[in-house]
Structures are given as C-alpha cells and as structure tokens.
Amino acid sequence: MGSSAPLAIADICDAYPHLLTNGELRPLPPVFQIYGRNKHAERAIIGGDLAKRAQNNGWVGIVVYGCIRDVDDINLCDIGVRALKSYPVQPGDKGNGEKHVPLTIAGTRVCDGDWLYANSDGILVSSMELSEV
C-alpha cells in the first residue's frame, strides 16, 4: 500500500493535482472499511492466517474488493487491510486466480505495477511511486 514512510493522502492530493487531472493518480471510492493496525461477496477472501503470512513476508497492506474474516486476528497484525465488509464464511472453491491483470474497483482502474497509498482519509492508486510531500 505504499512506501516505508507513511504519506498523508490529503497532502498527496494537494501536492499532485496535475496527476489527479491526468489520471496517473486515482482515488478509490470510499467503500472500504479499515482493518488491521497499520455485500459484494458471499464468502470471506482473507482471514487471520493469510494476513499474518502477508505481514511475515514484509507486506505493508492488502486491499480486498470483497469480504474478510477473523477481524480480531487481523486487527492484531502490523499490516493495513482494507475490505468492503467482514463475513464469517470461508471461500468454498479454491479456484485458480489470475496474476498481472488490470482490475476495475468501483469504477477505478488498477493495473499491475500501480502503487497504492492508504490512510484514514482513503486509498490512492498511482501509476508511479510518490516521494514524501
């Protein structure tokens, strides 16, 4: 979800208005709930075990355009998690996912290689890594 130093999302928007205008910086709609310390789905996609593995692998965060479960466990992890809702039922089928494909999340395009920055103000998608403002 970003670089090692936390960037203030509102400050990024103020510092890079030209990137907002040309579409290289895109805010995700405010549909996500905040989980972790740092009705689109019928099953949870992420649980406490996966969040712990992501944390142990050095991930800064996860954005789930769906549901999570094990919220109390996730909230103990030093990883940021954003999801639409929580739901207690685990995924049924373990089908194969796709890698490196563009997504559209609530009308906002997210492509392989994009940078995501998040704090309590929201989530920004950037085509490039941003420096501190």
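## Helix H3 and its packing

The buried residues of helix H3 pack against three elements: strand E3 (44-46), strand E4 (61-68) and helix H4 (71-74). The model is a predicted one. H3 itself spans residues 48-56.

Which residues of H3 are buried? They are Gly 48, Ala 51 and Ala 54. These residues lie on the same side of H3, because they cover an arc of only 125° around the axis. The other side of H3 carries exposed residues: Asp 49, Arg 53 and Asn 56. After H3 comes Gly 58, with a positive phi near 85°.

## Annotated binding site

An unreviewed UniProt entry carries a "binding site" annotation. According to that record, the annotation covers Gly 47, Gly 48, Asp 49, Leu 50 and Arg 69. These residues are spread over 23 residues of sequence, yet they cluster in space. Their largest C-alpha distance is 10.4 Å.

Burial varies within the annotated set. Gly 48 has 1% relative accessibility, so Gly 48 counts as buried under the 20% cut-off. Leu 50 also lies in H3. Leu 50 is partly exposed, at a relative accessible area of 33%. Asp 49 is exposed.

What does Gly 48 touch, leaving aside its neighbours within four places in sequence? Its contacts are Arg 69, Asp 70, Asp 73 and Ile 74. Of these, Arg 69 is itself covered by the "binding site" annotation.

## The three-stranded sheet

Three strands form an open sheet in the order E1-E9-E8. The pairing is antiparallel. Strand E1 (25-27) and strand E8 (115-119) stand at the edges. Each has a single partner strand, so one side of each is left without a neighbour in the sheet. From one strand to the next, the twist averages 20°.

Strand E9 covers residues 122-126. E9 pairs with E1 over three bridges, in the antiparallel sense. Pro 27 has Leu 124 of E9 as its bridge partner. Strands of a sheet pair through backbone hydrogen bonds.

## Cysteines

How many disulfides does the structure hold? The count is zero. A disulfide is a covalent bond between the sulfur atoms of two cysteines.

Is Cys 67 buried or exposed? Cys 67 is buried, with a relative accessible area of 3%. Cys 13 is partly exposed, at 22%. That value places Cys 13 outside the buried class, because buried means under 20%.

Note on methods. Residues numbered from 1 in each chain as written. Predicted model: local features only at pLDDT ≥ 70, side-chain atom pairs only at ≥ 80, totals over all residues. Heavy atoms only, no water. Pairing = 2+ DSSP bridges. Helix = DSSP H or I, 4+ residues; strand = E, 2+ residues; numbered from the N terminus. Axes fitted to C-alpha atoms, helices over the stretch in contact; angles between N-to-C directions. Disulfide = S-S within 2.5 Å. Buried < 20%, exposed > 50% of the residue type's maximum accessible area, 1.4 Å probe, protein only. UniProt positions renumbered as here; feature names shortened; annotations may be inferred. Contact = heavy atoms within 4.5 Å. Arc of directions from axis to C-beta.
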